[in-house]
Amino acid sequence: MKKVKKVISLILMVSLVICSLYVGIHTIYVQSHRKEATEFLIEKYGFDSKELILLDYKPSKFHDDTDLGIPFDWYSTLETWNFKYKSRVFGVSKSENGFADDYQLEDVFRWSVDYLSSIDPNVVGIVIDYGKLQNLVNKSEIESFLKNTNDSFVIYYKVENLS
């Protein structure tokens, strides 16, 4: 009986140590990469690090969608941090090309519509097939951004009759 108790307590101790190590290593990993994401934002936008609040972290995950009918449809999601800076909530992702964020997307959409409606006043909206931005985009560079940076975008026009 004493032997069984010793074995069970040893198994519990080893399990506890392994779980503690996992939690500790995971916390260190998340915090060190959070620092990298924060440094990226500070360098890109000049944010004050004290006002940058980490809301959520989603690690990279492997997906296998072959059951949907496409053989070998495997992919991994990107690591993503959700931040709040002042009143704006946005995401930062890390890929093999480095960090990218969607902090500026609202501004880029607005600037794009303003620019395109100066060309054609019937333009009422735009959808840019672009999730995150690696480089800073200025309002003065929006024409170059639309011509050179994006592979595709959809322009919505105001029309009188849908037929």
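The following exercises, with worked solutions, concern salt bridges, an open sheet and a nonpolar surface patch in a predicted model.

**Exercise 1. The open sheet**

Task: Determine the order in which the four strands form the open sheet, and identify its edge strands.

Solution.
Step 1. The strands follow the order S1-S4-S5-S6, with antiparallel pairing.
Step 2. Strand S1 (52–58) and strand S6 (98–101) are the edges, since each pairs on one side only.
Step 3. On average, and ignoring direction, neighbouring strands of this sheet are turned by 25 degrees against each other.
Step 4. Between strand S4 (residues 79–85) and S5, which run antiparallel, there are seven bridges. Within the sheet, Tyr 85 is placed opposite Arg 88 of S5.

**Exercise 2. A salt bridge between helix H1 and strand S5**

Task: State which residue forms a salt bridge with Glu 36, and explain why the pair ties together parts that are apart in sequence.

Solution.
Step 1. The partner of Glu 36 is Lys 94, and the closest N and O atoms are 3.3 Å apart.
Step 2. Glu 36 belongs to helix H1 (residues 2–45) and Lys 94 to strand S5 (residues 88–95); the pair therefore ties together parts that lie 58 residues apart in sequence.
Step 3. Glu 36 has a relative accessible area of 31% and is partly exposed. Lys 94, with 25%, is also partly exposed.
Step 4. The model's count of salt bridges comes to seven.

**Exercise 3. A network involving helix H2**

Task: Trace the salt bridges that join Arg 88, Glu 106, Asp 107 and Arg 110 into one network, and classify each of these residues as buried, partly exposed or exposed.

Solution.
Step 1. A salt bridge connects the side chains of Arg 88 and Glu 106, at 4.0 Å from N to O. This pair links distant parts of the chain, with Arg 88 in strand S5 and Glu 106 in helix H2 (residues 105–119), 18 residues apart.
Step 2. Arg 88 has a relative accessible area of 19%; because buried means under 20%, Arg 88 is buried. Glu 106 reaches 51%, and because exposed means over 50%, this residue counts as exposed.
Step 3. Asp 107 and Arg 110 form a salt bridge through their side chains, with an N to O distance of 2.5 Å. Both residues lie in helix H2, three residues apart, which is about one turn of the helix. In general, an α-helix has 3.6 residues a turn, so residues three or four places apart point the same way.
Step 4. Asp 107 is buried, at 13% relative accessible area, whereas Arg 110 is partly exposed, at 44%.
Step 5. Salt bridges with shared partners join Arg 88, Glu 106, Asp 107 and Arg 110 into one network.

**Exercise 4. The span and buried residues of helix H2**

Task: Compare the span of H2 with the expected value, and list the buried residues of H2.

Solution.
Step 1. H2 contains 15 residues and reaches 21 Å from its first C-alpha to its last. This is close to the 21 Å expected at 1.5 Å a residue.
Step 2. Leu 105, Asp 107, Val 108, Trp 111, Ser 112, Val 113 and Leu 116 are the buried residues of H2.

**Exercise 5. The nonpolar patch**

Task: Identify the residues that make the nonpolar surface patch, and the strands that each supply at least two of its residues.

Solution.
Step 1. The patch is made by Val 124, Val 127, Val 154 and Tyr 156, and covers about 350 Å².
Step 2. At least two residues of the patch come from each of strand S7 (123–128) and strand S8 (153–157).
Step 3. Tyr 156 is located in strand S8. With a relative accessible area of 44%, Tyr 156 is partly exposed.

Methods
Residues numbered from 1 in each chain as written. Predicted model: local features only at pLDDT ≥ 70, side-chain atom pairs only at ≥ 80, totals over all residues. Heavy atoms only, no water. Patch = residues over 30% accessible without salt bridge, like charges linked within 9 Å, V, L, I, M, F, W, Y side chains within 5 Å. Areas by Shrake-Rupley, 256 points an atom, 1.4 Å probe, with all protein chains shown as cover. Buried < 20%, exposed > 50% of the residue type's maximum accessible area, 1.4 Å probe, protein only. Pairing = 2+ DSSP bridges. Axes fitted to C-alpha atoms, helices over the stretch in contact; angles between N-to-C directions. Expected span 1.5 Å × (residues − 1).
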